[in-house]
Amino acid sequence: MVLTIILSLIFIAFIMLMLWSGVALVQNKKFFTSAPKDIQEVIQEKPERFKGAHLLGYTLALISVLCIVGAFVFGAVDGIKNGFTFWQFFARFLIMLYLYKAFDMIFIDWYLLTKSHFFQHYYPETEGCKGFHSYGFNRKSQIAKIIIFPFVALAAAGICMLF
């Protein structure tokens with residue numbers, strides 16, 4: 001269980017690195033498709049903050065994706081080495097996914113979006129947008145993920161049982 005929590009924290013840390021890389025370094029409007037509509041409409045294309053910022057941002061985002069996948073692979077390999085049952089794998093993956101989702105909903109969607117002015121720091125043109133005060137704007141997407149995650153965990157557990 002301790003390793004599952006640690007892997008979840010690694011997953012979350014690299015989600016945050018990916019978010020920061022996209023918002024602060026890559027600054028591509030295409031990455032804001034999940035933001036509230038009024039924010040999407042006012043975001044302007046940005047020049048590189050410094051020479052190589054976009055390359056650094058994409059590199060950090062790629063590293064983040066690899067580390068997120070790595071956390072799940074490490075969890076799978078550890079489970080295989082320790083003789084996990086199907087339900088132990090399922091529980092590990094579901095805990096990791098739901099801890100991430102809780103973090104996403106509480107910290108990213110509520111705190112970063114509605115309280116911290118994190119996005120406004122990098123996109124000052126969005127200051128005053130009503131979307132920053134509409135916690136739950138992506139409720140359907142969040143509910144869909146909450147419903148899909150058990151099936152993802154089941155599939156991952158099934159794959160692990162093949163080894």
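Is Cys67 buried, partly exposed or exposed? Cys67 counts as partly exposed, because its relative accessibility is 26%. The model described here is predicted. This briefing considers its cysteines, the surroundings of Ser64, and a nonpolar patch on the surface.

**Cysteines**

- A disulfide is a covalent bond between the sulfur atoms of two cysteines.
- The structure holds zero disulfides.
- For Cys67, the closest cysteine sulfur belongs to Cys160 and lies 19 Å away, so the two are too far apart for a bond. A disulfide would require the sulfur atoms to be within 2.5 Å.
- The relation also holds from the other side, since the closest cysteine sulfur to that of Cys160 is in Cys67, at 19 Å.
- Cys160 counts as buried because its relative accessibility is 7%, and the cut-off for buried is under 20%.

**Ser64 and its surroundings**

- Ser64 is placed in helix H3, which covers residues 53–81.
- With a relative accessibility of 0%, Ser64 counts as buried.
- Leaving aside residues up to four places away in sequence, Ser64 touches Phe14, Leu17 and Met18.
- A polar atom of the Ser64 side chain lies 3.4 Å from the backbone oxygen of Phe14.
- The Ser64 side chain also reaches the backbone nitrogen of Met18, at 3.5 Å.

**A nonpolar patch on the surface**

- Met1, Ile5, Leu9 and Leu99 form this patch, and together they have about 390 Å² of accessible area.
- Leu99, one of its members, is found in helix H4, residues 86–115.
- Leu99 is partly exposed, because its relative accessible area is 34%.

Terms used: Residues numbered from 1 in each chain as written. Predicted model: local features only at pLDDT ≥ 70, side-chain atom pairs only at ≥ 80, totals over all residues. Heavy atoms only, no water. Helix = DSSP H or I, 4+ residues; strand = E, 2+ residues; numbered from the N terminus. Buried < 20%, exposed > 50% of the residue type's maximum accessible area, 1.4 Å probe, protein only. Polar contact = N/O pair within 3.5 Å; in protein donor to acceptor, adjacent residues only side chain to side chain. Contact = heavy atoms within 4.5 Å. Patch = residues over 30% accessible without salt bridge, like charges linked within 9 Å, V, L, I, M, F, W, Y side chains within 5 Å. Areas by Shrake-Rupley, 256 points an atom, 1.4 Å probe, with all protein chains shown as cover. Salt bridge = Lys/Arg side-chain N within 4 Å of Asp/Glu carboxyl O.
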